[in-house]
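Dear colleague,

I am handing over the structure we spoke about, and I would be grateful if you could look through it before reading my notes. The notes come after it, so that you can follow them with the structure in view.

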Amino acid sequence: MYFKESTGFPKDFLWGSASAAYQVEGAWAEDGKKPSVWDKFVRIPGKTFKATTGDKAVDHYHMYKEDVRLMAEMGLKTYRFSIAWSRIYPDGNGQVNEKGLQFYDDLINECLKYNIVPMVTVYHWDLPQALEDQYHGWEDRRIVDDFVNYATTLFKRYGDRVKHWIILNEQNVFTGHGWMLAKHPPGKFKDMKTYYQVNHHAFMAHAKSVLALKELYPDALVGSSFAYGPAYAVSDKPEDQMACVDYEDLKSYYWMDVYAYGRYPRSAMKYLESLGVAPHFEEGDAEILKEAASKVDFMGVNYYKTCSIEYNPLDGVDSLGGENNTGKKGTAEMEGVPGMYKVPANKNLPTTDWDWTIDPMGLRFACRKITSRYDLPIVISENGLGAFDKLEDGKIHDSYRIEYLRNHIEELKKACDDGCRILAYCTWSYTDLLSWLNGYQKRYGFVYVDRDEDENSGTLKRIPKDSYYWYKKVIETNGEEL
Ligand code: BGP
């Protein structure tokens with residue numbers, strides 16, 4: 001749409017920034033916490049960039065007061081962070097760990113002291129290893145009850161102070177990387193049948209948690225965060241357009257439809273049935289998914305990039321694709337499913353050093369698609385630029401990050417003008433932190449942290465980057481001064 005005048009961001013807009021427990025906290029074996037699947041996975045040779053771990057990460061567990069103070073000085077309205085399940089239930093179920101609960105009490109209270117709205121992610125991938133050992137974690141239906149028990153413990157403890165809840169972070173990514181690409185725990189390759197069953201368990205965990213929360217706190221705001229990479233057909237050839245429809249059903253609507261409508265896309269399900277990999281439903285599942293969907297308040301969106309879709313003939317590319325985890329431009333490999341689609345590079349867009357397209361308009365496009373299809377409010381729960389940052393005279397001049405964020409916020413403002421109901425915008429990330437597979441060299445933060453891949457490196461000193469001061473202005477002017 002074109003509007004002569006912008007209505008801008010809503011008055012109570014939540015300007016935020018995000019993190020995840022494993023990526024920032026460190027203190028991996030302190031105060032009763034037991035290992036998560038990530039604590040184990042990072043120790044398998046070859047799994048992470050230069051064998052980096054989150055053992056210490058950026059030590060947010062001990063330095064959270066300093067981090068929250070910096071947020072307050074910046075004027076941040078909301079801080080999105082996740083809770084480590086294995087701090088709360090070190091064995092996944094059974095005995096609750098009071099010291100773990102206390103840590104998040106302290107963090108939440110510290111945020112509230114400065115009027116920063118805590119936005120809590122219940123699950124950002126760090127499953128207690130004990131559940132993997134007990135019954136293979138997400139692969140077993142028992143995970144649903146254990147998850148809901150864990151989530152309900154959080155709702156009861158923090159629900160008086162936390163209004164914004166994100167149940168799952170990027171279900172599509174942790175399942176895809178875990179059971180198809182072998183890049184996340186449990187490191188399985190192309191195990192399609194399990195992959196779709198695991199997803200069904202995750203949907204059930206999400207749905208039952210939504211219902212549990214609404215039972216306790218009907219006014220809470222809840223959703224899950226989807227890693228949405230909107231798709232463009234490469235041409236106006238009908239076969240390319242059709243390939244794009246296939247891709248969207250299988251790669252986007254497969255998740256978002258369940259969150260928003262409580263049902264899987266019909267064609268995707270038919271296709272999975274034909275391959276013999278459709279998930280098994282227990283009695284009552286369909287009704288629970290529907291009921292939960294009617295209570296979801298927003299679609300959480302982690303937006304980084306778009307993709308291009310082209311028809312892929314039966315003798316075409318057959319690959320799950322290959323990520324660039326080194327930062328050497330041009331090393332990513334094309335994904336393709338013969339007879340359906342392939343995902344070539346988009347020649348119209350620049351890319352980051354990790355081959356992610358840079359597409360600010362894609363953010364507006366994503367918001368419009370979600371608004372048209374679901375008519376739900378939207379929380380942008382992640383968006384940001386991973387880059388190599390260089391300290392110069394004790395400062396980080398990250399004009400490239402400012403440009404990236406400015407362009408995305410401009411497009412988000414247009415999405416607001418278009419009538420999309422955007423509740424929040426959280427950048428990824430607040431401080432620099434561990435990138436799961438890319439170590440500490442791929443940096444996202446407003447605040448530089450002095451450390452690199454070597455566990456003994458750096459002072460962990462926090463240094464606000466140029467982008468920190470720029471975002472402060474953006475918040476002060478509610479997005480008018482970019
Ligand atoms: C999202 C995750 C985040 C974060 C971000 C950046 O998928 O939710 O946890 O890691 O992507 O990704 P990366 O670290 O791979 O650059």
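What follows is a description of the main things found, beginning with the ligand and ending with some points of the backbone.

Please keep in mind throughout that this is a predicted model, and that residues are numbered from 1 along each chain as its sequence is written.

**The ligand and its surroundings**

There are 15 residues around the ligand, and of these Q23, E170, S435, K442 and Y444 come nearest. Three of those five can be described in detail, since each has a polar side-chain atom facing an oxygen atom of the ligand: for Y444 the distance is 2.5 Å, for K442 it is 2.6 Å, and for Q23 it is 2.7 Å. As for how far the ligand is covered, on its own it has 380 Å² of accessible area, and the protein covers 91% of this. Sorted by class, the shell consists of six nonpolar residues, six polar residues and three charged residues.

**Strand β2 and its partners**

The next element to look at is strand β2, which spans residues 78-82. Five of its five residues are buried, and therefore the strand is largely enclosed by the rest of the structure. The cover extends to both faces, with T78, R80 and S82 buried on one side, and Y79 and F81 buried on the other.

β2 is paired with strand β1, made up of residues 14-18, in the parallel sense and through three bridges. It is also paired with strand β3, residues 117-123, where the two strands again run parallel and five bridges join them. Y79 is a useful residue for following these pairings, because it appears in both: its bridge partner in β1 is S17, while its bridge partner in β3 is P118.**Cysteines**

How many disulfides does a search of the whole structure find? The search finds zero, and two cysteines illustrate this. For C111, the closest cysteine sulfur is in C426, and the distance of 12 Å between the sulfurs is too far for a bond. For C307, the closest cysteine sulfur is in C244, at 7.4 Å, which is also too far for a bond, given that a disulfide needs the two sulfur atoms within 2.5 Å. Both of these cysteines are in covered positions: C111 has a relative accessibility of 0% and counts as buried, and C307, with a relative accessible area of 13%, is buried as well.

**A buried serine contact**

In strand β5, which runs over residues 221-227, you will find S225. With 0% relative accessibility S225 counts as buried, and its side chain makes a polar contact of 2.6 Å with the side chain of S381.

**W38, P185 and the cis peptide bonds**

W38 is located in helix α2, residues 37-41, and it is buried, with a relative accessible area of 1%. Although W38 and P185 are separated by 147 residues in sequence, their C-alpha atoms are 6.8 Å apart in space.

P185 is also one side of a cis peptide bond, which joins it to P186 with an omega of about 5°. P186 itself is placed in the loop between α8 (171-179) and α9 (192-216). Another cis peptide bond leads from W428 to S429, with omega near 10°, and S429 lies in the loop between β13 (422-428) and β14 (447-449). These bonds deserve a mention, because most peptide bonds are trans and most residues other than glycine have a negative phi.

**Two alanines with positive phi**

The second part of that remark applies to two alanines. A27 is not a glycine, yet its phi is positive, at about 45°. This residue lies in the loop between α1 (21-24) and α2, and it is buried, with a relative accessible area of 6%. A182 likewise has a positive phi without being a glycine, in this case about 60°. A182 is found in the loop between α8 and α9, and at 17% relative accessibility it counts as buried, since the cut-off for that term is under 20%.

With best wishes,
A colleague

Definitions and conventions. This is a predicted model: local features need pLDDT of at least 70, side-chain atom pairs count only at pLDDT 80 or more; totals for chains, interfaces and linings use all residues. Side-chain values use heavy atoms; hydrogens and water are left out. A residue is near a molecule or strand if one of its heavy atoms lies within 4 Å of it. A polar contact is a pair of N or O atoms within 3.5 Å; within protein, one must be able to donate a hydrogen and the other to accept it, and residues adjacent in sequence count only if both atoms are side-chain atoms. Accessible areas come from the Shrake-Rupley method with a 1.4 Å probe; for residues, only the protein chains shown count as cover. Ala, Val, Leu, Ile, Met, Phe, Trp, Tyr, Cys and Pro count as nonpolar, Asp, Glu, Lys and Arg as charged, and the others, Gly among them, as polar. Buried means under 20% relative accessible area, exposed over 50%, partly exposed in between (1.4 Å probe, protein chains only). Helices (H or I, at least four residues) and strands (E, at least two) are DSSP runs, numbered from the N terminus. Two strands pair if DSSP finds at least two bridges between them.
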